[in-house]
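Subject: Structure for you to look at

Hello,

I am passing on a structure that you have not worked with before. Please open it alongside this email; my notes on what I found follow below.

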Amino acid sequence: MTLPDPSTFIAEGASAAVYRLDGGRVLKLFHEGVDAGIIAREHATAQAIQATGLPVPRVFGRAEAGGRQGIIYSEIEGPNLLHHIVRHPHRIGWAMGAMAALQRAIHAHDLPALRSRKAILAEDIEMAPIGERLRAAAIDRLDQLIEGDRLSHGDLHPANLIVSGDGLAVIDWSKAARSAPAADVVRSEMLMRFGPGQSGGRLEGMLRDATTAYYVGRYRKLAGMEPEALNAWRALVGLAWLRHRLPGRDAAFAAYLADALRRAGLPPLEG
């Protein structure tokens, strides 16, 4: 197929751009240079997740446009949850509760054929800008943790949730893996508190912290999860994030990570 008309452009991320097609479909067109194996893995993962019955886009198949590889999905109409919260701030409690419930539903599925979250974290920690003493201690601690084979999204935050006519739906499963649920919750916690796209204002930071704390509390109540489960993963997920993390509340994240390392009994960051 030919390259999509620029007027059909919807959004763009680090690895792909999304364009609207006819028939209620969208094309996720990957940028040049994205490894073909990554695209094949996303397609296979999307098919496996669709089979769970979770509220996710339907995958129609692979495509090529202008020499670039893509995947065709169904379009889920509606604003993402972040935009919904901005327009309806009085619904923030509902939004965080609904997100926690959907994440809990995701974790209820076993997909042992997916790649390992522990392996992904180990690779990122190996490449993270940290001292060798901390790196060795973190990898050793990671080896000791039980992963399990629960489905995890790996990038679940309000911008990846769509408020459709049928409720919340989840998009962008490119980071999906089998994982301990606590590792996935911690990843969401960090993205919501310290992810990019922030003004850096003190009030915004306080709002993000309070909103995220409510979400984590709701998830813990639904899952019966103890705080120790989250503490076991916070330092490791945080260290792995240092490999790719974009700026956003850097001082606050540094304090968060330092506390997580201390609670885990791991060496502090150097420098």
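Phenylalanine 9, in strand S1, has tyrosine 19 of strand S2 standing opposite. The model is a predicted one. S1 and S2 run antiparallel and are joined by 3 bridges, and they form a hairpin with 3 residues between the strands.

The next pair is S2 (residues 16–20) with strand S3 (residues 25–30), antiparallel over 5 bridges. Alanine 16 stands opposite phenylalanine 30 of S3, and arginine 20 has valine 26 in S3 as its bridge partner. The hairpin of S2 and S3 has 4 residues between the strands, and glycine 23 in this hairpin takes a positive phi near 70 degrees.

These strands belong to an open sheet of 5 strands, in the order S1-S2-S3-S5-S4, with antiparallel pairing. S1 (9–12) and S4 (59–65) stand at the edges with a single partner strand each, so one side of each has no neighbour in the sheet. On average, neighbouring strands in this sheet are turned by 25 degrees against each other, direction ignored. Helix H1 (residues 36–50) packs on the sheet and touches S3, S4 and S5. The direction of H1 makes about 160 degrees with that of S4.

Further along the chain there is another hairpin, in which 2 residues join strand S7 to strand S8. S7 and S8 (residues 167–170) run antiparallel, with 4 bridges between them, and isoleucine 162 stands opposite alanine 169 in S8. Both faces of S7 (residues 161–164) are covered: Leu161 and Val163 are buried on one side, Ile162 and Ser164 on the other.

Which residues does asparagine 80 contact, leaving aside its neighbours within four places in sequence? They are Pro158, Ala159, Leu161, Ile162 and Val163, and the last three of these names are in S7 (residues 161–164). Asparagine 80 itself lies in the loop between strand S5 (68–74) and helix H2 (81–87). Its relative accessibility is 14%, so asparagine 80 counts as buried, the cut-off being under 20%. A polar atom of the asparagine 80 side chain lies 2.8 Å from the backbone nitrogen of histidine 83.

Leucine 81 also reaches S7: not counting residues up to four places away in sequence, its contacts include Leu161 and Val163, along with Trp94, Met96 and Leu168. In the largest nonpolar core, which has 59 residues, Leu81, Trp173 and Trp233 touch the most other members. In soluble globular proteins, nonpolar side chains tend to be buried together.

On the helices, H4 (residues 117–127) and H5 (residues 132–144) pack at an angle of about 175 degrees, with their axes 10 Å apart. H4 and H5 are therefore roughly antiparallel to each other. Lys118, Leu121, Ala122, Ile125, Glu126 and Met127 of H4 meet Arg135, Ala138, Ile139, Leu142 and Asp143 of H5.

Last is phenylalanine 253, in helix H9 (residues 250–264). Phenylalanine 253 is buried, because its relative accessible area is 3%. Leaving aside neighbours within four places in sequence, phenylalanine 253 is in contact with Met190, Phe194, Gly238, Trp241, Leu242 and Arg245. Between phenylalanine 253 and arginine 150 there are 27 Å in space, C-alpha to C-alpha, and the two are 103 residues apart in sequence.

Regards

Conventions
Residues are numbered from 1 along each chain as its sequence is written. This is a predicted model: local features need pLDDT of at least 70, side-chain atom pairs count only at pLDDT 80 or more; totals for chains, interfaces and linings use all residues. Side-chain values use heavy atoms; hydrogens and water are left out. Buried means under 20% relative accessible area, exposed over 50%, partly exposed in between (1.4 Å probe, protein chains only). Two strands pair if DSSP finds at least two bridges between them. A polar contact is a pair of N or O atoms within 3.5 Å; within protein, one must be able to donate a hydrogen and the other to accept it, and residues adjacent in sequence count only if both atoms are side-chain atoms. Contact means heavy atoms within 4.5 Å. Axes are lines fitted to C-alpha atoms, for helices over the stretch in contact, and angles run from 0 to 180 degrees between N-to-C directions. A nonpolar core is a set of buried Ala, Val, Leu, Ile, Met, Phe, Trp, Tyr and Cys residues joined through side-chain atoms within 4.5 Å. Angles under 35 degrees count as roughly parallel, over 145 as roughly antiparallel, 65 to 115 as roughly perpendicular and the rest as oblique.
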